[in-house]
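Below are my notes on the model you sent round. They are set out as numbered points, beginning with the strands and ending with the ligand.

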Amino acid sequence: MSIKKALTIAGSDSGGGAGIQADLKTFQELGVFGTTALTAVTAQNTLGVQDVFPLTPQMVKSQMESVGDDIGVQALKTGMLFNAEIISAVSETISRYKWEKVVVDPVMIAKGGASLLQQEAVSALKSKLLPLAMVVTPNIPEAEVLTGMRIKTEEEKREAARNLFELGVSNVVIKGGHDENTSESIDLLYDGLVFITFRSERIRTKNTHGTGCTFSAAITAELAKGVAVPDAVSTAKSYIQAAIEDQLTIGSGHGPTNHWAYKRKFMNV
Ligand SMILES: Nc1ncnc2c1ncn2[C@@H]1O[C@H](COP(=O)(O)OP(=O)(O)O)[C@@H](O)[C@H]1O
Ligand SMILES: Cc1ncc(COP(=O)(O)OP(=O)(O)O)c(N)n1
């Protein structure tokens, strides 16, 4: 059997809710073989991030090469990259291997407030990595940092998406999870021509740790299978909705989502 392979370049979450752990669970559930290039180790649980230890840029590059030289990469995603040196190493390696299906989740701050990207690395993210991205998936605070705009209205979301497209990204998805005053969670896709909205009922829960990682990993898995971007975003939206709805109770803070839920809801597994 030939199976598609997806690579995640991200940090480890010891609590299992976000980062590499969320990405691998998502790849597995969506039927692609997951590989990893670890950027940083975090000591983390549902209450927050207790410690961060970044790996060297050389070690990140070596892991990408090990995967690229032997296993192959049909699509990849980036998550926590932590500093400008790691961003440079990742961007150079993506360019050298000519990997095209690149999903950038511009992870900046964890739910508890810990910084997962140094402030001075934002310009490297914009100038080196975003131009290589087939899809970028900022949440609203991340889109505000990347564009320098304040985003409150639907028109401001569209303006931010246009600005991000101008940085060289082929498809921009501004996620609506942080828009807490709305009864729906609305994600907006822009491909330079049209806007498509993906809507779902907002679930009132504190257990949303790792939703952004999971959503971008689901897009990556679908791209690895050859699915077009709008359909990949649609599946990712269904996946994350099911995973938030079918609640787990783990830890006493912001708990993780449930990766078993998607197949249970849509495939009766
Ligand atoms: N309470 C919620 N109910 C339904 N969907 C949500 C909820 N919170 C987040 N989502 C969805 O989860 C995904 C991640 O969104 P978001 O929370 O904005 O990202 P991040 O985890 O990066 O902060 C998006 O598809 C968003 O619509
Ligand atoms: C190691 C690691 N990577 C990414 C995140 C951020 O994950 P995200 O999906 O944005 O979820 P929250 O942190 O907002 O719950 C992380 N926490 N750790």
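1. Strand 1 (residues 5-13) pairs with strand 4 in the parallel sense, over 4 bridges. Within strand 4, Leu 76 has Leu 7 opposite it. Please keep in mind throughout that this is a predicted model.

2. Strand 4 also runs parallel to strand 5 (residues 102-104), to which 3 bridges join it. Here Thr 78 of strand 4 stands opposite Val 104 in strand 5.

3. Which residues of strand 4 point which way? Ala 75 and Lys 77 point one way from strand 4 (residues 75-78), while Leu 76 and Thr 78 point the other way. Side chains in a regular strand alternate between the two faces of the sheet. All four of these residues are buried, Lys 77 included.

4. Further along, strand 6 (residues 135-136) and strand 7 (residues 171-174) run parallel and are joined by 2 bridges. Val 135 in strand 6 has Asn 171 of strand 7 opposite it.

5. These pairings belong to an open sheet of 9 strands, in the order 3-2-1-4-5-6-7-8-9. The pairing in the sheet is mixed. Strand 3 (48-54) and strand 9 (195-201) each have a single partner strand, so each has one side without a neighbour in the sheet and stands at an edge.

6. Helix 7 lies across four strands of this sheet: strand 1, strand 4, strand 5 and strand 6. Relative to strand 4, helix 7 runs at about 165°.

7. How do helix 3 and helix 4 pack, and at what crossing angle? The axes of helix 3 (residues 84-97) and helix 4 (residues 122-129) come within 9 Å and cross at roughly 10°. Helix 3 is therefore roughly parallel to helix 4. By class, their contact has 6 nonpolar, 2 polar and 1 charged residues. On the helix 3 side the contact is made by Ala 84, Ile 87, Ser 88, Val 90 and Ser 91. They meet Ala 124, Leu 125, Lys 128 and Leu 129 in helix 4.

8. Ligand 1 is surrounded by 18 residues, the closest being Asn 139, Lys 175, Gly 177, Ser 185 and Gly 212. Strand 8 (184-190), helix 7 (211-224) and helix 8 (229-245) are the elements that each give two or more residues to this shell. Helix 8 supplies the largest share, 4 residues. Helix 7 thus appears twice in these notes: across the sheet and in the ligand shell.

9. What is the make-up of the shell around ligand 1 by class? There are 10 polar, 4 nonpolar and 4 charged residues.

Definitions and conventions. Residues are numbered from 1 along each chain as its sequence is written. Chains are lettered from A and ligands numbered from 1 in the order in which they are written. This is a predicted model: local features need pLDDT of at least 70, side-chain atom pairs count only at pLDDT 80 or more; totals for chains, interfaces and linings use all residues. A residue is near a molecule or strand if its C-beta atom, placed from the backbone, lies within 6 Å of it. Ala, Val, Leu, Ile, Met, Phe, Trp, Tyr, Cys and Pro count as nonpolar, Asp, Glu, Lys and Arg as charged, and the others, Gly among them, as polar. Axes are lines fitted to C-alpha atoms, for helices over the stretch in contact, and angles run from 0 to 180 degrees between N-to-C directions. Angles under 35 degrees count as roughly parallel, over 145 as roughly antiparallel, 65 to 115 as roughly perpendicular and the rest as oblique. Two residues are in contact if their C-beta atoms, placed from the backbone, lie within 7 Å. A residue is buried if 20 or more other C-beta atoms lie within 10 Å of its own, exposed if 12 or fewer, and partly exposed in between; C-beta atoms are placed from the backbone. Two strands pair if DSSP finds at least two bridges between them.
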